[in-house]
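Me: Could you take a close look at one strand for me, with its faces and its partners? A connected walk-through would be lovely.

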Amino acid sequence: MNSAGLSFGGGAGRYLAEWMVHGYPSENIWELDLKRFGALQSSRTFLRHRVMEVMPLLYDLKVPRWDFQTGRQLRTSPLYDRLDAQGARWMEKHGFERPKYFVPPDKDLLALEQSKTFYKPDWFEIVESEVKCCKEAVCVIDMSSFTKFEITSTGDQALEVLQYLFSNDLDVPVGHIVHTGMLNQGGGYENDCSVARLSKRSFFMISPTDQQVHCWAWLKKHMPEDSNLLLEDVTWKYTALNLIGPRAVDVLSELSYAPMTPDHFPSLFCKEMSVGYANGIRVMSMTHTGEPGFMLYIPIEYALHVYNEVMSVGQKYGIRNAGYYALRSLRIEKFFAFWGQDLNTLTTPLECGRESRVKLEKGMDFIGRDALLQQKQNGVYKRLTMFILDDHDTDLDLWPWWGEPIYRNGQYAGKTTSSAYSYTLERHVCLGFVHNFSEDTGEEQVVTADFINRGEYEIDIAGHRFQAKAKLYPVTSLFTHKRRKEDVELSDLHGK
């Protein structure tokens, strides 16, 4: 520690003691967990350069969407140079370069790189065009950084172990995909992932980028020592392309002999097929955004070929590249919570509206089941809620980024966990947890849907409170046609 250790010492000592005695701390301290790092961050050169950059930041103003400048281009997709030449601007996650957005040829790159603000950013119109393309045509996002594991066995061991480690039922037909959580004894999310059943004895698991070390450690800790059970990290083996938009099906239909209609390729389905000249592409009918499209998991030696074929065929359908800022806008307006931002080890499925992803009624044991049964009986003390800012001026007011206080009927009720501008609703959307604090004692009380719906809400952005409408379910399905801000009566969208 440096001099800041004097102020951190008490809390650090408490959480370290809890970790040693109980196996986990009483608060979410992912920012201090060593398992957020991997071997890639252990080189002396990396550490020397990163520490030299980090130290001055103790006294610097950290603007939203800020990125480290050292230790870059350490992990890259095979498409990195191709995307960079097309105007990709990059962010880093667990050492992996990921595209934020793509700058058109007529934009000033230097001005965008030096833009640092808490207000409306200079990339606003760029991301808007990418989001529009995702909704009206087709876009490609390189999502190769996602953590990817394969779990296989000679018998039924893989299914038996995974049924205990995951909260949702994985005993599904071959080719089906299951969204599920990997919970701890308290019912909190150690990981939030998607699992595809490749065969009776083989499963393909997709997790957030920064879960690579943490998830591996959790699985190895709880899996039995069995030579017939194999866990393999295949993150480096596959390039992942997210093909988003209503014309994605047209692009893939021209590149493969397999029928791509919903009857032959339903939602949350995985099929190994050829794309162009390349065989063995794992195509999944999901996009992590709620928009139509497909995820393509491509053996890395075929990555450039498949990308070129997709872009070539897609020209007639208006295809373009997109980045993670567009993905963020799409997923937040659809009320998709992400681990590490909205979910953590202290968040349970019942607190974020994911009861349907838990096999509580099937009589099967899994880690966290007892805690969830108890919580179901007693009620939840916080609830993930979607907020739509009502009187916020996107051009003039400070933007919400995350961590803003939430007020219900004038009383503090929690804080936001993530936010983005919705180009569909033409308003800012925030996700955050609402608590029910007793006005007399300050103790937490049960939070019900009725409690959420009956409140009047405000989001505090830098001391200025903006009215917001609370929703427990996404509202974007009501906006099938683009409508102007003055035509939308958000009061009609209030949950009932």
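Reply: Happy to; here is the strand E3, followed by a short visit to another part of the chain.

A word on the basis first: this is a predicted model, in which local features need pLDDT of at least 70 and side-chain atom pairs count only at pLDDT 80 or more, while totals for chains, interfaces and linings use all residues. Residues are numbered from 1 along each chain as its sequence is written, and side-chain values use heavy atoms, leaving out hydrogens and water.

Strand E3 spans residues 139–142; strands are DSSP runs of E with at least two residues, numbered from the N terminus, and helices are runs of H or I with at least four. Cys139 and Ile141 lie on one side of E3, Val140 and Asp142 on the other, and all are buried (under 20% relative accessible area with a 1.4 Å probe, protein chains only; over 50% is exposed, in between partly exposed).

Two strands pair if DSSP finds at least two bridges between them. E3 pairs with E9 (residues 238–244) in the antiparallel sense, over four bridges, and here Asp142 stands opposite Leu241. With E13 (residues 320–321) the pairing of E3 is parallel, over two bridges, and Val140 stands opposite Asn321.

For contrast in setting, turn to Trp402, in the loop between E14 (382–389) and E15 (405–408). Trp402 is exposed, with a relative accessible area of 61%. Beyond its neighbours within four places in sequence, Trp402 is in contact (heavy atoms within 4.5 Å) with Thr416, Thr417, Ser418 and Ser419. The C-alpha atoms of Trp402 and Ser419 are 5.9 Å apart, although 17 residues separate them in sequence.
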